[in-house]
Amino acid sequence: MGTATPDESEREPAYERAAQKAIRDPEIAYRFAFYMVTAFFLVTTLFPFYWLLVLAVTPNDAIANMGILPKFITANGIDPSLFNPEVFLTVFEVVPFHTYVLNSLVLALMTTVIVLVIASLAGYVFGRLTFPGRGPLMLLILAISYFPPAAFLLPLFRLFTGNVDIFGLSSPTIFNTPWSMVLPFSALFLPLSIFILTTFYGQIPDGLEDAARIEGTTRLGALFRVIIPLSAPGVATAGVLTFISVYNEFFFSFLMSDGQVPRLLTNFFANQNHWSPIVKGILGYQGQYAQFYNLMAAASIVGVLPVVILVVIAQEKIVSGLTAGALKE
Amino acid sequence: MGEVNLEDVTKRYDDVVAVDAMNLDIRDGEFLTLVGPSGCGKSTTLEMIAGLTTPSDGTITIAGRDVTNLPPKDRGIAMVFQNIALFPHMDVYDNISFGLRLRDYPTDEIDERVERAAEVVQLEGMLDRMPDEMSGGQRQRVAIARAIVRQPEVFLMDEPLANLDAKLRVHMRTELQRLHKELDTTIIYVTHDQAEAMTMSDRIAIIDGGELQQVDPPLTCYNEPNNRFVGGFIGSPSMNFIDAEVDATGLRTESFDVALDPEAAGLSPGDHVSLGVRPEDVYLTEHSGDVDNPSQPIDLVTDVLEPMGDQIFIYLREPGAESSGMDADADQLLMSVAPDTDIGEDEPVEVVIDRDRLHVFDGEGDAVLHGLTAKRREVER
C-alpha cells in the first residue's frame with residue numbers, strides 16, 4: 001500500500017476502502033455492528049406487528065398475494081376500498097372478543113395472586129431459614145418448572161374432566177372453569193417467583209425481622225409487615241412476570257376450555273360458563289367455510305394491548321427488580 | 001415484676017455448646033450487664049431471653065412466668081439491637097408506634113405514649129422523619145423510644161452503642177443511665193466493652209466459653225475477681241499475670257519473691273500459682289510512701305512508655321532482657337504512674353508491688369487469695 005499511487009487507490013473497490021477505514025478507526029466497526037444487531041432484533045420483533053397491522057386493515061377478500069407494502073398503497077396513490085380500519089370494531093361484533101380478553105385478565109390475576117402468596121411463603125422459608133435439604137429441594141422445584149407442559153396434559157385432562165376415581169368418588173369436573181387453567185398455570189409459574197422472592201427475602205437483614213417479632217408480630221406477621229414491603233421491587237417483578245406469562249400462555253389455555261362464547265364472570269365453578277381465554281377468541285374467527293384473517297389479525301393486536309400497557313406502567317419496577325435488589329439497612 | 005431467672009439454660013448448635021447450663025437470677029429493676037469476649041455466648045443468652053432462639057435445655061422465667069416456649073411477642077420484653085434495626089419504610093412515628101398498633105391500642109393512647117417516649121429520648125418534632133434522614137445517635141434514640149413506648153417489664157439491649165462513634169457512645173451511656181433511673185425497669189445489657197459494663201451496671205455477669213464466670217457488682221468484680229479470666233478481662237489495661245511457685249516462706253517468681261505464710265492461705269509448698277497485679281498497684285519505690293505493705297524492691301528496666309495524658313503506662317522488663325516492644329505475651333510487667341513522673345525509656349527503675357492488692361490464682365485459674373497480708377479477703381469456696 002505504501003507504494004500505491006493516489007490513482008491506483010481510487011480504483012480500489014468500495015468495500016476494501018471501507019475495511020481499511022474501519023481498521024484505522026475501530027469505533028466505526030463497533031457502531032456498524034451495533035446498528036446491525038439492533039436492526040436484526042427490531043425487524044424480528046416488530047415485523048410481525050407490522051404484518052398483523054397490514055393484514056388487519058386489508059379487507060379479507062383482498063388477502064392474497066400480499067406484498068411487503070399494504071395493498072391500499074397503489075401506484076396511483078391510496079385506494080380507500082382496500083383500506084378497512086373499521087375492522088377493529090368489527091372484531092367485537094362478530095365475536096364478543098372483550099369477554100375473552102376479560103377472561104384472560106381474570107385468569108392472569110387469579111394466578112398472580114395465588115403465585116405471590118404461595119411463593120412469598122416459600123421464598124421466606126428458602127431465603128431466611130436454614131434446614132437440612134434446602135438446596136436439593138430448591139433444585140427440585142426449579143427442575144419441575146423445566147418439565148414440558150405436554151407431560152402433564154393427559155393426566156390433568158382426565159382429572160379435570162372427572163374421569164379419575166379417588167376412593168370411589170370421581171374427581172370434580174373443572175374443565176372449562178377458571179380452575180382448570182389457574183391450577184396448572186400456578187404450578188408452572190411458581191418456581192420462577194419462588195426463586196425471585198427467595199433472593200429478595202434472603203437479603204433483608206435478620207435484625208429487622210427480629211425487631212418486628214420482638215415488637216409483637218409472628219414470623220408470618222413480620223413477613224407481611226416488614227419483609228414484603230421492603231422487597232416491593234421483587235414482589236412487583238415476580239407479579240408482573242407471572243401475569244404476563246399467564247396472559248400469553250397458549251398450551252393449557254387452548255386445551256382446558258371448549259372455546260364457546262363465555263358468559264361474563266357468572267360462576268367460577270360452573271363449567272357451562274365457558275371460561276375461554278384470548279386464544280380461543282382469536283380462533284373463533286375461523287369459520288367452517290371461511291377464515292377471517294383480517295379479523296384474527298385485528299383481534300391479535302387488540303389482545304396484545306393490555307400487556308403493552310402493563311409493561312409500560314411497570315417497566316421501572318421490573319427493571320429495578322431484575323437488576324438491583326440490594327437493600328441498605 | 002420484672003425479675004428474670006435462667007435455670008440451667010443451655011444452647012447447643014450441632015456439637016458446639018454456645019451456652020452451658022447457665023443459672024442467673026436478675027432482680028426487678030436491676031441493670032445487669034452480660035459481658036465477655038466475642039463468641040462467648042452473651043448474645044445467644046440474650047436472644048434466648050428474648051425468645052429469638054430456643055434453648056436446648058433449661059427454663060427461663062420472666063416475672064415469675066415460664067416463658068421458655070413462648071414467642072417473643074408474648075414475653076413482655078422490648079429489645080434494642082446493635083444494628084438499630086429501624087424499619088426503613090416507616091417514619092419515626094410509625095416505627096415507635098409499631099408495637100402499639102399491632103396490639104390495637106386506641107389512637108389517642110398511641111399518640112400520647114409516642115409523644116411521651118419521644119420526650120424521654122429527646123426526639124420531639126422529629127416524628128415525621130424517615131430513618132435514613134437521621135444521624136446514628138438519633139436513630140438509636142428512636143430504637144430506644146420504640147422499646148420504652150410499650151412499657152415492658154424487661155429491656156434487652158444487645159450492644160446498642162457499638163455502632164456509634166466514641167464521643168456519642170459516652171454521651172448515650174449517661175443517657176441510658178438516666179433512662180434506667182427514670183423508668184426503674186429491669187435492663188439486661190450485652191456488651192464486650194468492659195468500660196460500659198463497669199460504668200452503667202448494678203451487677204456484671206462475666207461470661208466466657210458459654211459459662212458464667214462471676215456475677216457481682218462492678219467493683220467487686222474488679223477488686224475480687226473469681227478467677228484469672230475475670231481478673232484479666234475487667235480493667236483496662238488488663239492485669240499482669242506472673243507465674244510463681246509456692247515455697248515454705250512465700251511465693252517465688254523469676255524476678256522477685258513475696259513473703260506469705262502458705263499454710264494460712266491454704267497453699268502447700270511446691271504449688272504453681274499465678275500472681276495477678278493491676279498496673280496501678282505497681283509503684284516506683286520513691287513514690288511508695290503511702291503503700292502499707294509493699295513487697296521487696298524489684299529492679300527492672302523501662303521499655304515502652306505510653307503517655308495517656310492523665311497517666312503514663314510503662315512496660316517494664318528484666319534488666320538483661322531484650323526490648324520486646326508492646327508484645328502482650330512477652331514476659332513484661334505493666335505499671336501506671338502519674339503523668340508528671342520524670343521517666344524515660346530504657347532507664348533502670350526500682351519498683352514495689354502493693355501486697356494488699358495482689359491476687360493469687362491457683363493452677364486452674366481460680367482465685368485463692370485477694371491480698372497477701374492480714375487484710376486479705378478470703379475467697380469463698
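Of the 329 residues in chain A, 34% are buried. That figure, like everything below, comes from a predicted model. On the secondary-structure side, chain A carries 14 helices and four strands. Its radius of gyration comes out at 27 Å, and the globule rule gives 20 Å for a chain of 329 residues, so chain A is more spread out than a compact globule. Along the principal axes, the C-alpha atoms of chain A take up a box of roughly 90 × 60 × 35 Å. As for how the contacts run along the sequence, take those in chain A with a separation of 6 or more: 74% of them link residues 24 or more positions apart.

Chain B has a fold built from nine helices and 22 strands. Here buried residues account for 41% of the 381 in the chain. The box filled by the C-alpha atoms of chain B is roughly 75 × 45 × 35 Å, again taken along the principal axes. Among contacts in chain B with a separation of 6 or more, 63% are between residues 24 or more positions apart.

Back in chain A, one helix pair can be followed residue by residue. Helix H6 (residues 134–145) of chain A packs with helix H8 (residues 179–203) of chain A at an angle of about 135°, and their axes are 8 Å apart. Roughly antiparallel would take an angle over 145 degrees, so H6(A) and H8(A) end up oblique to each other. The crossing of H6(A) past H8(A) is left-handed. On the H6(A) side, the residues involved are Ile141(A), Leu142(A), Ile144(A) and Ser145(A), and they meet Leu188(A), Pro191(A), Leu192(A), Ile194(A) and Phe195(A) of H8(A). Sorted by class, that makes eight nonpolar residues and one polar residue, with no charged ones in the contact.

Then there is the place where the two chains touch. Chain A puts 15 residues in contact with 18 residues of chain B. Two elements of chain A give two or more residues to this side, namely helix H9 (206–215) and helix H10 (219–230). H9(A) gives the most, with seven residues. The class make-up of the side of chain A that touches chain B is seven nonpolar, four polar and four charged residues. Charged residues thus appear on this side of chain A, whereas the contact of H6(A) with H8(A) has none.

Key:
Residues numbered from 1 in each chain as written. Chains lettered and ligands numbered in written order. Predicted model: local features only at pLDDT ≥ 70, side-chain atom pairs only at ≥ 80, totals over all residues. Axes fitted to C-alpha atoms, helices over the stretch in contact; angles between N-to-C directions. Parallel < 35°, antiparallel > 145°, perpendicular 65-115°, else oblique. Left-handed = near helix turned anticlockwise from the far one by under 90°. Contact = placed C-beta atoms within 7 Å. Nonpolar A, V, L, I, M, F, W, Y, C, P; charged D, E, K, R; others polar. Rg over C-alpha atoms; globule rule 2.2 N^0.38 Å. Buried ≥ 20, exposed ≤ 12 C-beta atoms within 10 Å, placed from the backbone.
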